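Biologist: Please give me a close look at the empty space in this model, beginning with its largest pocket, and at the parts of the chain that surround it. I would like one connected account that I can follow with the structure open.

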Amino acid sequence: MLKSLPALLFILFYTSASAQSSADSTIKKSPVRTLSYEQYNALINGDDIYGMSLPAELNHYPLPDKVLKFKKEVNLSPVQVTKISAVAKELHRKKLEMGMIIINNEKKLDSVFRYSAVDNGALIFYANRYGLYQGEIRNAILQACLATRSLLSQEQVNKFEALQKRK
C-alpha cells in the first residue's frame, strides 16, 4: 500500500490540476474567437506573453519597467528615473496601440474565413500584416531595452541583475 501512495498522490494531483485548467478555460471566453482569453487580455493590457524581450534581457539590456521596480536598490538618479519612466510609458503606449490593431486584424481574418470572403490576396494581406504588427511590438520592446541600457552604468546593470536573480 505504501508503495502505491506516490502514484495515487500523482493521479489525484494531476486530475485536480486538469479539472481546474478545464474549468478556467470554459468559464472565460475571449471576445475574439481566434484568440484565447489569455492572449486577448495580454493584447488589451500590453503584456508580453511571448517573451519578446528575451534577446535583450538575456544579454544585459533590461526592460525599463523592471529597472524602475528596483530604482532605490540600483541607485537611479532622479534624471535616470525620469528618462527611464518616459521610455516605459512610451513602450506601454505602443504595446496597447499595437494590441488593439492585432485584435482588429484577428477579427478581420476570422470574418473573411467565416463569410467565405477569403482569397489568396486577402489572405496574404492580413497574414503579412499580422507579422508586421508582431514585429513592430518586438521592435518597440527591444528599442526600450536598448534605451534603458544606455541610461544605466555597468555597476547599475550588475546590481539590477543580482536583484533579479534573488527575486
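Modeller: A pocket is an open set of grid points with protein on both sides within 12 Å along at least five of seven lines. The model examined here is a predicted one. In it, the space in the largest pocket amounts to about 200 Å³.

Which residues line the largest pocket? The lining consists of E57, L58, H60, Y61, P62, K66, V157, F160, E161, Q164 and K165. Helix α7 (residues 154-166) supplies the largest share of them, namely 5 residues. Sorted by class, the lining holds 5 nonpolar, 2 polar and 4 charged residues.

One of these lining residues, H60, deserves separate attention. H60 is found in the loop that joins α3 (54-57) to α4 (64-69). Its backbone has a phi near 75°, a positive value in a residue other than glycine. For comparison, most residues other than glycine have a negative phi. Is H60 buried, partly exposed or exposed? With a relative accessibility of 41%, H60 falls between the limits of 20% and 50%, and therefore counts as partly exposed.

The next loop offers a second case of this backbone feature. N75 sits in the loop between α4 and α5, and its phi is near 60°, again positive in a residue other than glycine. N75 has a relative accessible area of 61%; exposure requires over 50%, so N75 is exposed.

From N75 one can return to helix α7 by way of Q156. Q156 belongs to α7, the helix that gives the pocket the largest share of its lining. The relative accessible area of Q156 is 10%, so this residue is buried. Apart from neighbours within four places in sequence, Q156 touches V74, N75, L76, Q80 and L151. Q80, in turn, is part of helix α5 and is also buried, at 13% relative accessibility. Beyond its neighbours within four places in sequence, Q80 has contacts with N75, L151, L152 and Q156. N75 thus appears among the contacts of Q156 and among those of Q80.

Helix α5 leads to the enclosed space. How many cavities of 30 Å³ or more does the model contain? The count is 1, and the volume of the largest cavity is about 140 Å³. Fourteen residues line this cavity, and those closest to its centre are L43, D47, D48, Y50 and I137. Helices α2, α5 and α6 (120-150) each contribute at least two residues to the lining. The classes divide into 7 nonpolar, 4 polar and 3 charged residues.

Two of the helix contacts around the cavity can be described in detail. Helix α2 (residues 37-45) packs against helix α5 (residues 78-114) with the axes 6 Å apart and an angle of about 135°. That angle makes α2 and α5 oblique to each other. From α2, the contact involves Y40, L43, I44 and N45, while α5 brings H92, K95, L96, G99, M100, I102 and I103. These residues comprise 7 nonpolar, 3 polar and 1 charged. L43 has a part in this contact and is also one of the residues closest to the centre of the cavity.

The axes of α5 and α6 come within 10 Å of each other and cross at roughly 170°. Angles over 145° count as roughly antiparallel, and α5 and α6 are therefore roughly antiparallel to each other. Their contact contains 18 nonpolar, 4 polar and 6 charged residues.

L109 of helix α5 gives a local view of the chain in this region. At a relative accessible area of 15%, L109 is buried. Its contacts, leaving out neighbours within four places in sequence, are L123, Y126 and A127. The C-alpha atoms of L109 and L123 lie 7.7 Å apart, although 14 residues separate the two in sequence.

These parts belong to a chain with 7 helices and 0 strands. Of its 167 residues, 30% count as buried. Among contacts in the chain with a separation of 6 or more, 74% join residues 24 or more positions apart.

Note on methods
Residues are numbered from 1 along each chain as its sequence is written. This is a predicted model: local features need pLDDT of at least 70, side-chain atom pairs count only at pLDDT 80 or more; totals for chains, interfaces and linings use all residues. Side-chain values use heavy atoms; hydrogens and water are left out. Axes are lines fitted to C-alpha atoms, for helices over the stretch in contact, and angles run from 0 to 180 degrees between N-to-C directions. Helices (H or I, at least four residues) and strands (E, at least two) are DSSP runs, numbered from the N terminus. Angles under 35 degrees count as roughly parallel, over 145 as roughly antiparallel, 65 to 115 as roughly perpendicular and the rest as oblique. Contact means heavy atoms within 4.5 Å. Ala, Val, Leu, Ile, Met, Phe, Trp, Tyr, Cys and Pro count as nonpolar, Asp, Glu, Lys and Arg as charged, and the others, Gly among them, as polar. On a 1 Å grid over the protein atoms alone, a cavity is a set of points where a 1.4 Å probe fits but cannot get out, and a pocket is an open set with protein on both sides within 12 Å along at least five of seven lines; lining residues have an atom within 4 Å of a point. Grid points are joined across faces, edges and corners, and a volume is the space filled by probe spheres set on the points. Buried means under 20% relative accessible area, exposed over 50%, partly exposed in between (1.4 Å probe, protein chains only).
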